[in-house]
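Trainee: Could you take me through one part of this protein slowly, as if I had never looked at a structure before? I would like to see how the pieces fit together.

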Amino acid sequence: MLTFTIDRNNHITALTSNPPVRVNPDAASFSDAKDLGRLVKRWPGPRLVEIWNALPGQKPIKKFTNRKVAVSRIWAAAQNVSPNRGTAGLRLVPSKAKSGKQASRIQNPAPARSRGKTGRVLELLQRPGGATMKQLIAATQWQAHSVRGFLSGALKKKMGLKIVSTKGASGVRSYSIQA
């Protein structure tokens, strides 16, 4: 039967010797899910999330539903820590920047669709004079607010295109893609 230890840095180590020889005397040990449950009873929830996110091969999460779910999932994942590999160390997950703005998707722009309404809108916007709102509405059969939302969301944010809006001498607004 395997015995596991977990240290202050959330490293889980599987021990096989009988009786188990501790690598780290400060590490707490557990040999089944009940032991793990008693061990983590007073630990804060974020530490359980850190332990889960540190286990190799597990999809990182933000929080657990409850402590019982956390214990059962960590126990099941600890079974995959092989004794010959030793410690399951912290996985290096880049910390998210705390900014007021949402990250831009321009790094990996979505490919342009050649058919359908997206393709028709792109063709109209790439013309030398661009396209007016009436022309875009006629091409898509959408309402004006839907066309504006599509220009902003799908083309500007998702595809990373630079949409330019200009108002001519006649007062009619036209939209085009900046090269």
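Mentor: Happy to, and here is a walk around helix 4 and its neighbours, with two short stops elsewhere at the end. Please keep in mind that this is a predicted model.

Let's start with helix 4, which covers residues 116-126. Which of its residues are buried? They are Thr-118, Gly-119, Val-121, Leu-122, Leu-124 and Leu-125. Look at what these buried residues pack against: strand 5 (131-132), helix 5, helix 6, strand 6 (163-167) and strand 7 (173-177). That list gives us our route.

Take the strands now. Strand 7 is mostly covered, with 4 of its 5 residues buried. Strand 7 has pairing partners too. Strand 5 is joined to strand 7 by 2 bridges, and the two run antiparallel. You can find this pairing by looking for Ala-131, whose bridge partner in strand 7 is Tyr-175. Strand 6 also pairs with strand 7 in the antiparallel sense, over 5 bridges. Here, Ile-163 has Ile-177 of strand 7 as its bridge partner. Strand 6 and strand 7 form a hairpin with 5 residues between the strands. In that hairpin, Gly-171 takes a positive phi near 90°.

One residue helps to tie this picture together: Ser-176, which sits in strand 7. Is Ser-176 buried or exposed? Its relative accessible area is 19%, and buried means under 20%, so Ser-176 counts as buried. Setting aside neighbours within four places in sequence, Ser-176 touches Leu-125, Gly-130, Lys-162, Ile-163 and Val-164. You have met Leu-125 already, as one of the buried residues of helix 4.

Next come the two helices on our route. Helix 5 spans residues 133-140 and helix 6 spans residues 144-158. Two packed helices are described by the angle between their axes and the distance between the axes. For helix 5 and helix 6, the angle is about 95° and the axes are 10 Å apart. The pair is therefore roughly perpendicular. Helix 5 brings Met-133, Leu-136, Ile-137 and Thr-140 to the contact, while helix 6 brings Ala-144, Val-147, Arg-148 and Leu-151. Sorted by character, the residues of this contact are 6 nonpolar, 1 polar and 1 charged.

Now for the first short stop, in helix 1 (residues 33-39). Side chains of opposite charge can pair when their charged atoms come close. How many salt bridges are counted in this model? The count comes to 1. Asp-35 forms a salt bridge with Arg-38, and their closest N and O atoms are 2.5 Å apart. Both residues lie in helix 1, 3 residues apart, which is about one turn of the helix. Asp-35 counts as partly exposed because its relative accessibility is 22%, whereas Arg-38, at 56%, counts as exposed.

The second stop is Phe-4, in strand 1 (residues 3-6). Phe-4 has a relative accessible area of 0%, so it is buried. Beyond its neighbours within four places in sequence, Phe-4 is in contact with several residues, among them Ile-12, Ala-28, Phe-30, Trp-75 and Val-81. Finally, Phe-4 and Leu-36 are 32 residues apart in sequence, and their C-alpha atoms are 9.3 Å apart in space.

Technical notes: Residues numbered from 1 in each chain as written. Predicted model: local features only at pLDDT ≥ 70, side-chain atom pairs only at ≥ 80, totals over all residues. Heavy atoms only, no water. Axes fitted to C-alpha atoms, helices over the stretch in contact; angles between N-to-C directions. Parallel < 35°, antiparallel > 145°, perpendicular 65-115°, else oblique. Contact = heavy atoms within 4.5 Å. Nonpolar A, V, L, I, M, F, W, Y, C, P; charged D, E, K, R; others polar. Salt bridge = Lys/Arg side-chain N within 4 Å of Asp/Glu carboxyl O. Buried < 20%, exposed > 50% of the residue type's maximum accessible area, 1.4 Å probe, protein only. Pairing = 2+ DSSP bridges.
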